[in-house]
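Trainee: I should like to learn how helix packing, salt bridges and surface patches are read from a model. May we begin with the helices?

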Amino acid sequence: MQRIASLYDRVVTLLASRTAESVALLMVRVALAGMFWRAGRSKLVEGSWFEISDATRYLFEYEYAAVPLPPDIAAPLATAGEHLFPALLLIGLATRLSATALFGMTLVIQFFVYPEAWWTTHILWVALAMILIVRGGGALSLDAVIGGRRPKRG
């Protein structure tokens, strides 16, 4: 029994290490970024760099009409946000800011577009964003590199 307890303690110590946390936070960043990146890409004309599709304009005008912004503003803002913030998350730059922006977008989608999707989808997006807001990007991020070069406050 002592051997099992000792092995368990070593595993817990390893899993609680900064390295394990950094890998986990990297995976959280990739997962959240992937969801929003794919949504952003679906809003563009296929093969274009950043041309918003007619289907996207239609969705923002009719299906997403409850969003409290005019469709001509909401469609480009959402599309830009679904490209910019995931890209920042992938490299771990402005992680907390990017996660907060995606958290806000999720709440807009939840309350104004798909209120029935909380338990099926949005709770996962919120949980991932909250982890990054609270913990940051981890040691495997540009935030950590930049933060390591700043003078310590004392």
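Mentor: The axes of helix 2 and helix 6 (residues 118–135) come within 10 Å and cross at roughly 135 degrees. This is a predicted model, in which local features need pLDDT of at least 70 and side-chain atom pairs count only at pLDDT 80 or more, while totals for chains, interfaces and linings use all residues. Residues are numbered from 1 along each chain as its sequence is written, and side-chain values use heavy atoms, leaving out hydrogens and water.

Trainee: How are helices and their axes defined, and which word describes the orientation of helix 2 and helix 6?

Mentor: Helices (H or I, at least four residues) and strands (E, at least two) are DSSP runs numbered from the N terminus. Axes are lines fitted to C-alpha atoms, for helices over the stretch in contact, with angles from 0 to 180 degrees between N-to-C directions. Angles under 35 degrees count as roughly parallel, over 145 as roughly antiparallel, 65 to 115 as roughly perpendicular, and the rest as oblique. Helix 2 and helix 6 are therefore oblique to each other.

Trainee: Where does helix 4 stand with respect to helix 2?

Mentor: The two axes, of helix 2 and helix 4, come within 8 Å and cross at roughly 155 degrees, so these helices are roughly antiparallel.

Trainee: How many salt bridges are there?

Mentor: A salt bridge requires a side-chain nitrogen of Lys or Arg within 4 Å of a carboxyl oxygen of Asp or Glu. The count comes to two. In one of them, Glu21 meets Arg135 at 2.3 Å, N to O; Glu21 belongs to helix 2 and Arg135 to helix 6, 114 residues apart. Lys43 also forms a salt bridge with Glu82, with the closest N and O atoms 2.9 Å apart. Here Lys43 sits in the loop between helix 2 and helix 3 (54–63) and Glu82 in helix 4, 39 residues apart.

Trainee: Are Lys43 and Glu82 buried or exposed?

Mentor: Buried means under 20% relative accessible area, exposed over 50%, and partly exposed in between (1.4 Å probe, protein chains only). Both Lys43 and Glu82 are buried. Glu21, by contrast, has 28% relative accessibility and therefore counts as partly exposed.

Trainee: Which residues make the nonpolar surface patch?

Mentor: Patches are made of residues with over 30% relative accessible area and no salt bridge, like charges being joined within 9 Å and nonpolar side chains (Val, Leu, Ile, Met, Phe, Trp, Tyr) within 5 Å. The patch of about 730 Å² includes Val23, Met27, Leu90 and Ile146. Helix 2 (18–42), helix 4 (71–91) and helix 7 (142–149) are the elements giving two or more residues to the patch.

Conventions
Areas by Shrake-Rupley, 256 points an atom, 1.4 Å probe, with all protein chains shown as cover.
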